[in-house]
Amino acid sequence: MENQNHTSVTKVTEFILMGITDNPGLQAPLFGIFLVIYLISVMSNLGMVILTHLDSKLHTPMYFFLRHLSITDLGYSTVIGPKMMANFVVHKNTISYNWCAAQLALFEIFIITELFILSAMAYDRYVAICKPLLYVVIMAEKVCWVLVLIPYLYSTFVSLFLTIKLFRLSFCGSNIIRYFYCDCLPLISMLCSDTHELELIILIFSGCNLLSSLLIVLVSYMFILVAILRMKSAEGRYKAFSTCSSHLTVVVVFYGTLLFIYLQPKSSHTFDVDKMASVFYTLVIPMLNPLIYCLRNKEVKDALRRTLTNQCKIST
């Protein structure tokens, strides 16, 4: 305690993001790759938001949730992507103390919201397949808004609580973040204060968010699977499965990546491995989600064709 009082603690005003790699030969190729990925992500997610709004045939609960999935994908990829790419073209990629806190808070809001929107989408598919006659009643517009607004409000509370608690503690020593964005784990390693309470709180929230949302998905799909197996018609089973295939693909990719990061043994837990996995779910997954729904979903492809045809007619 006495030693701590005599230790000189310099107030941190900015951080230096080390980025993905310090290899000069990889800077230009990686910048090009991630720029293309980010641009595809922005265009495809914005396109999905606009398409589900314009086409009246996509004004259903399933596409309502898909629109908000695209908003969250666009949100957290934009919070991380541009700043990460700046690291490839500037000599020293700095981020101010306040913007670092804002980046962490915004990222957590979008990523937590996405977890529960994916759960809401799984519940929507469960109702559509297991209770088709009551679907319109159960998945009324007000219910859909509640299933979306609660995750936004909850994630905002959790994000602000964790960010404020973390940034109220003192940073000491180096201000270098060995990561490509402001995340909890690299920031905690830079704190002077005792971090056991903060680490426990983060572990509890992360575990509850991940496991509760995953449990809703698993239970929903368990009932869906039972309902599909009970169908006598092969065509009926195919139709039921095809309505879930896009969502199921997105869920497997997203949760698989998160579980890979958080369920690693501590002995094999390294920032380098985390970096690669984080790049995948902060930039690659937001690009893949709308593409998966476009490529695997006939309704989206038909809506896109109708919208493009109408726009061509208007322009001529």
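## Close-up views of a predicted chain

**Figure 1. Arginine 306, a partly exposed residue with a relative accessible area of 29%.** The model shown here, and in the views that follow, is predicted. Follow the side chain of arginine 306 and you will find aspartate 55 as its partner in a salt bridge, with 3.0 Å from N to O. The two residues come from separate places: arginine 306 belongs to helix 11 (residues 298-315), while aspartate 55 sits in the loop between helix 2 (24-54) and helix 3 (61-89), so the pair ties together parts that are 251 residues apart in sequence. Is aspartate 55 buried or exposed? With a relative accessibility of 7%, below the 20% limit for burial, aspartate 55 counts as buried.

**Figure 2. A salt bridge joins glutamate 197 and lysine 165.** The closest N and O atoms of this pair are 3.6 Å apart. Which helices does the pair link? Glutamate 197 is found in helix 8 (residues 196-230) and lysine 165 in helix 6 (residues 141-167), so parts that are 32 residues apart in sequence are tied together. At 52% relative accessibility, glutamate 197 counts as exposed, whereas lysine 165 is partly exposed, its relative accessible area being 26%.

**Figure 3. The surroundings of lysine 165 in helix 6.** Here we stay with lysine 165 and look at what lies around it. Which residues touch lysine 165 once its neighbours within four places in sequence are left aside? They are Glu197, Leu198 and Ile201. The first of these names will be familiar from the previous view, where glutamate 197 is the salt-bridge partner of lysine 165. For a sense of scale, try finding tyrosine 135 as well: tyrosine 135 and lysine 165 are 30 residues apart in sequence, and their C-alpha atoms are 42 Å apart in space.

**Figure 4. Lysine 239 and glutamate 235 form a salt bridge inside one helix.** The closest N and O atoms are 3.6 Å apart. Both residues belong to helix 9 (residues 234-262), where they are four residues apart, about one turn of the helix. Glutamate 235 is exposed, with a relative accessible area of 53%. The count for the chain comes to four salt bridges; among them are this pair and the pairs of Figures 1 and 2.

**Figure 5. Stepping back: 11 helices and three strands in the chain.** After the close-ups, a wider view helps to place them. Starting from the N terminus, the order of elements is α-β-α-α-β-α-α-α-β-α-α-α-α-α. The C-alpha trace spans about 75 × 45 × 35 Å along its principal axes. A compact globule of 316 residues would have a radius of gyration near 20 Å, and the 22 Å of the chain agrees with this. Of contacts between residues at least 6 apart in sequence, 78% join residues at least 24 apart.

**Figure 6. The surface and the charges of the chain.** What share of the 316 residues is buried? Buried residues make up 47%. The chain exposes about 16700 Å², and carbon and sulfur atoms supply 69% of that area. Its charged side chains number 23 positive and 18 negative, and the centres of these two sets lie 12 Å apart.

Technical notes. Residues are numbered from 1 along each chain as its sequence is written. This is a predicted model: local features need pLDDT of at least 70, side-chain atom pairs count only at pLDDT 80 or more; totals for chains, interfaces and linings use all residues. Side-chain values use heavy atoms; hydrogens and water are left out. The radius of gyration is taken over C-alpha atoms; the globule rule is 2.2 Å times the number of residues to the power 0.38. Buried means under 20% relative accessible area, exposed over 50%, partly exposed in between (1.4 Å probe, protein chains only). Contact means heavy atoms within 4.5 Å. Accessible areas come from the Shrake-Rupley method with a 1.4 Å probe; for residues, only the protein chains shown count as cover. Lys and Arg count as positive and Asp and Glu as negative; His and the chain ends are not counted. The place of a charge is taken as NZ of Lys, CZ of Arg, CG of Asp or CD of Glu.
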